[in-house]
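Please look over the sequence and the model before reading on. The text below is meant to be read alongside them.

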Amino acid sequence: MSTTTIRLDEQLKARLASAAERAGTTAHAFILDAIERTIEQSELEEAFHRVAEQRWATLLASGKSIAWDEASAYIAARARGERPRKPKARQLKR
C-alpha cells in the first residue's frame, strides 16, 4: 500500500477531527471513506452521462421520441401501481 500526503489548514484539520469523532472513527478512516464515496459518485456520474450521450445519439439518429405528455402520464400511472401500455416512440416534428 502506498502513502499519500495531503496538507490541511488548521481549520479544516479541526473540522475533520470533529467530524471523525462524531462518526466514531479516526480521521484517517474518515478521509478514506470520503475519498471512496467521492470516487464512487464520480464513477456513477460518468456512467450516467455515458448513457445519456448514447440515448441522445440514438434520438438524433432515429428522429424518434416519446411526447412528454405521454411519457409523464405513463410514469404517473406506474407510480399509482397501474400497468399501462408503454408509449410508442414517434418521428419528431420539425
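What follows goes through a pocket, a surface patch and a set of salt bridges. The model is predicted.

We begin with empty space. Rolling a probe the size of a water molecule over the atoms shows where such space is left. In this model the largest pocket holds about 310 Å³. Its lining consists of Met1, Ser2, Thr3, Thr4, Ile6, His28, Ile31, Leu32 and Ile35. Sorted by residue type, the lining has five nonpolar residues, four polar ones and no charged ones.

Ile6, one of the residues lining the largest pocket, also belongs to a nonpolar patch on the surface, together with Leu8 and Leu12. The accessible area of these three residues together is about 230 Å². Ile6 sits in the segment before helix H1, which spans 10–23, while Leu12 is placed in helix H1. Leu12 has a relative accessible area of 38% and is therefore partly exposed. Measuring from C-alpha to C-alpha, Leu12 and Trp56 are 42 Å apart in space, with their positions 44 residues apart in sequence.

The next topic is charge. Side chains of opposite charge can pair when their charged atoms come close. Across the whole structure there are four salt bridges, and three of the pairs are described here.

Arg37 is paired with Asp33, and their closest N and O atoms lie 2.9 Å apart. The two residues are separated by about one helical turn, because they are four residues apart in helix H2, residues 27–62. Arg37 is partly exposed at a relative accessible area of 46%, and Asp33 is partly exposed at 36%.

Helix H2 also holds Arg50 and Glu46, again four residues apart, or about one turn of the helix. These two form a salt bridge in which the closest N and O atoms are 3.4 Å apart. How accessible are the two partners? Arg50 has 42% relative accessibility, so Arg50 counts as partly exposed; Glu46, at 46%, likewise counts as partly exposed.

In another pair, the side chains of Arg80 and Glu82 meet in a salt bridge, at 2.9 Å from N to O. Why is Arg80 classed as exposed? Its relative accessible area is 56%, and exposed means over 50%. Glu82 has a relative accessible area of 38%, so Glu82 is partly exposed.

Definitions and conventions: Residues are numbered from 1 along each chain as its sequence is written. This is a predicted model: local features need pLDDT of at least 70, side-chain atom pairs count only at pLDDT 80 or more; totals for chains, interfaces and linings use all residues. Side-chain values use heavy atoms; hydrogens and water are left out. On a 1 Å grid over the protein atoms alone, a cavity is a set of points where a 1.4 Å probe fits but cannot get out, and a pocket is an open set with protein on both sides within 12 Å along at least five of seven lines; lining residues have an atom within 4 Å of a point. Grid points are joined across faces, edges and corners, and a volume is the space filled by probe spheres set on the points. Ala, Val, Leu, Ile, Met, Phe, Trp, Tyr, Cys and Pro count as nonpolar, Asp, Glu, Lys and Arg as charged, and the others, Gly among them, as polar. Patches are made of residues with over 30% relative accessible area and no salt bridge: like charges are joined within 9 Å, nonpolar side chains (Val, Leu, Ile, Met, Phe, Trp, Tyr) within 5 Å. Accessible areas come from the Shrake-Rupley method with a 1.4 Å probe; for residues, only the protein chains shown count as cover. Buried means under 20% relative accessible area, exposed over 50%, partly exposed in between (1.4 Å probe, protein chains only).
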